[in-house]
Amino acid sequence: MYTMRGRIRYSETNASGSLPIAGILDYFQDCSVFQSEELGLGVKYLASRNRAWVLNSWQLEVKRFPKECEFVTVETWASGFHRFHGDRNFVMKAGGGETIAYANSIWVYMDLESGRPTKPSQEQILKYQVEPPLKMEYQSRKIRVAAEWEEREPVRVKKEWIDSNHHVNNSYYVKAACNELPEDLAVSRLRVEYKRQAVLGDILYPRIAEENDRIVAALCDKEGKPYALTEFQ
């Protein structure tokens, strides 16, 4: 297990003074990056081999959102490797040890030259020291597509959305989807299914559907093919 400690900054909070749901994902993603870098398996290591871990899906459960100035601890660990896929769990705790959010994520190890999945080496797997999965109610990584959609205003991908892999960073899809939600929506579960990568200059066409206890936001191209599907409950 790898542990990262931090404090919620004012610049990270929303109008209610809390870290928003995409901000929790940023903390989780940063924690996993720090672990990989300290193991010698980070960005430079992957780039030198034309490899990358590409996020396939998130399932995030939120008990409460941390407030400005609150101290938090984030824990992460590899919970399994299956051919091309790697599973990773996350937990965010408050200063007193209270669990306030936790997540499961699935990643695909990609050969950037061929554009196809490939197996990570046994050396990498051993370095991550696989631990038992977090006890939680695991949902499918696939999000059920809605029958009817409401079209929203298109959004052009901005420079600040692009990360070192030269495509839209994972959390910016969630941030774009959140902009289409009702302001008073209380979210306790987020699921994200990443379908393909958007790059600088692409235009995202948001589509929203409300069904029973969920809101699905799809970020699509002009033809309606999704880059990412998000589900808020």
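These legends go with three close-up views of a predicted model.

**View 1. Helix H1 packs against helix H4.** Here we're looking at H1, residues 21-38, and H4, residues 170-178, whose axes come within 9 Å. The two axes cross at roughly 175°, which makes H1 roughly antiparallel to H4. On the H1 side, the residues making the contact are Ile21, Ala22, Leu25, Asp26 and Gln29. Their counterparts on H4 are Asn170, Ser171, Val174, Lys175 and Cys178. Sort the residues of this contact by character and you get five nonpolar, three polar and two charged.

**View 2. Valine 91 and its surroundings in strand S4.** Valine 91 sits in S4, a strand running over residues 85-94. Its relative accessible area is just 5%, so it counts as buried, the cut-off being under 20%. Leaving out residues up to four places away in sequence, valine 91 touches Phe28, Thr73, Val74, Glu75, Trp77, Thr99, Ala101, Tyr102 and Leu134. For a longer reach, try arginine 196: it lies 105 residues from valine 91 along the chain, and their C-alpha atoms are 27 Å apart.

**View 3. The stretch from 151 to 205, as annotated in UniProt.** An unreviewed UniProt entry labels residues 151-205 "domain: Acyl-ACP thioesterase-like C-terminal". In the model, this part of the chain is 16% helix and 22% strand. Check the two ends while you're here: the C-alpha atoms at either end of the stretch are 8 Å apart.

How values were computed
Residues are numbered from 1 along each chain as its sequence is written. This is a predicted model: local features need pLDDT of at least 70, side-chain atom pairs count only at pLDDT 80 or more; totals for chains, interfaces and linings use all residues. Side-chain values use heavy atoms; hydrogens and water are left out. Axes are lines fitted to C-alpha atoms, for helices over the stretch in contact, and angles run from 0 to 180 degrees between N-to-C directions. Helices (H or I, at least four residues) and strands (E, at least two) are DSSP runs, numbered from the N terminus. Angles under 35 degrees count as roughly parallel, over 145 as roughly antiparallel, 65 to 115 as roughly perpendicular and the rest as oblique. Contact means heavy atoms within 4.5 Å. Ala, Val, Leu, Ile, Met, Phe, Trp, Tyr, Cys and Pro count as nonpolar, Asp, Glu, Lys and Arg as charged, and the others, Gly among them, as polar. UniProt positions are given in the numbering used here, feature names are shortened, and annotations may be inferred rather than shown by experiment. Buried means under 20% relative accessible area, exposed over 50%, partly exposed in between (1.4 Å probe, protein chains only).
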